[in-house]
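Please look over the protein shown below before reading on. The report that follows takes up its aromatic residues, a helix contact, its cysteines and its overall make-up.

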Amino acid sequence: MKKLSIITLLALTIVACSPKVLTTPSQADVDRVSAMYPTYTLAELNEGKALYLAKCSTCHGIKNPQSKTAEQWKSIVPKMTKKANKKEVNIDPKTQEAILKFVTTMCTPPPSK
């Protein structure tokens, strides 16, 4: 549990210090994907963002989720997880799922007002 807290703190620090490459998740984003992820929360979406920044940036620059479709991300994230785990980045299935939910939620921009 202590290790998870340290990882979460590190990820949140990276999020706070990272350039504004990614849109800040909002409740509207969670609501938009409620059919796909019925029990998804804003806290989980933000955790997915933090993990995305912490884990995926170790091998390459951060990609804007809007650069790919949800279907593309569903293919990319598992492949990248395998590559990262070979490099000892250690992305477990729960972390992979959090990252995947984040990018598939944020890949579609919110509707214009």
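## Aromatic residues

In this predicted model, Tyr52 and Trp73 are both buried. The structure contains three aromatic pairs, and one of them is formed by Tyr52 with Trp73, whose rings are arranged edge-to-face, 6.4 Å centre to centre and with 90 degrees between the planes. Because Tyr52 belongs to helix α3 and Trp73 to helix α4 (residues 70–86), this pair ties together parts of the protein that are 21 residues apart in sequence.

Ring pairs also bring in Phe102, so that Tyr52, Trp73 and Phe102 are linked into a cluster. Two members of this cluster, Tyr52 and Phe102, appear again in the contact between helices α3 and α5, where Tyr52 is on the α3 side and Phe102 on the α5 side.

## The contact of α3 with α5

Helix α3, which covers residues 42–56, packs against helix α5, which covers residues 93–106, at an angle of about 110 degrees, and their axes are 8 Å apart. Angles of 65 to 115 degrees count as roughly perpendicular, and α3 and α5 are therefore roughly perpendicular to each other.

On the α3 side the contact is made by Leu45, Gly48, Lys49, Leu51, Tyr52, Lys55 and Cys56, which meet Thr95, Ala98, Ile99, Phe102, Val103, Thr105 and Met106 of α5. Sorted by character, the residues of this contact comprise nine nonpolar, three polar and two charged.

## Cysteines

A search of the whole structure for disulfides finds zero. Cys56, which also takes part in the contact of α3 with α5, is in no disulfide, and the nearest cysteine sulfur, that of Cys59, is 8.3 Å away. A disulfide would require the two sulfur atoms to lie within 2.5 Å. Cys59 is likewise in no disulfide, its nearest cysteine sulfur being that of Cys56.

As for accessibility, Cys56 has a relative accessibility of 15% and so counts as buried, whereas Cys59 is partly exposed, with a relative accessible area of 38%.

## Overall make-up

The secondary structure of the protein consists of five helices and zero strands, and from the N terminus on the elements run α-α-α-α-α. Of the 113 residues in the protein, 32% are buried, with Tyr52 and Trp73 among the buried residues.

Among contacts between residues at least 6 apart in sequence, 73% join residues that are at least 24 apart.

Methods:
Residues are numbered from 1 along each chain as its sequence is written. This is a predicted model: local features need pLDDT of at least 70, side-chain atom pairs count only at pLDDT 80 or more; totals for chains, interfaces and linings use all residues. Side-chain values use heavy atoms; hydrogens and water are left out. Axes are lines fitted to C-alpha atoms, for helices over the stretch in contact, and angles run from 0 to 180 degrees between N-to-C directions. Helices (H or I, at least four residues) and strands (E, at least two) are DSSP runs, numbered from the N terminus. Angles under 35 degrees count as roughly parallel, over 145 as roughly antiparallel, 65 to 115 as roughly perpendicular and the rest as oblique. Contact means heavy atoms within 4.5 Å. Ala, Val, Leu, Ile, Met, Phe, Trp, Tyr, Cys and Pro count as nonpolar, Asp, Glu, Lys and Arg as charged, and the others, Gly among them, as polar. Rings of Phe, Tyr and Trp (its six-membered ring) pair if their centres lie within 6.5 Å; planes under 30 degrees apart count as stacked, over 60 as edge-to-face and the rest as tilted. Buried means under 20% relative accessible area, exposed over 50%, partly exposed in between (1.4 Å probe, protein chains only).
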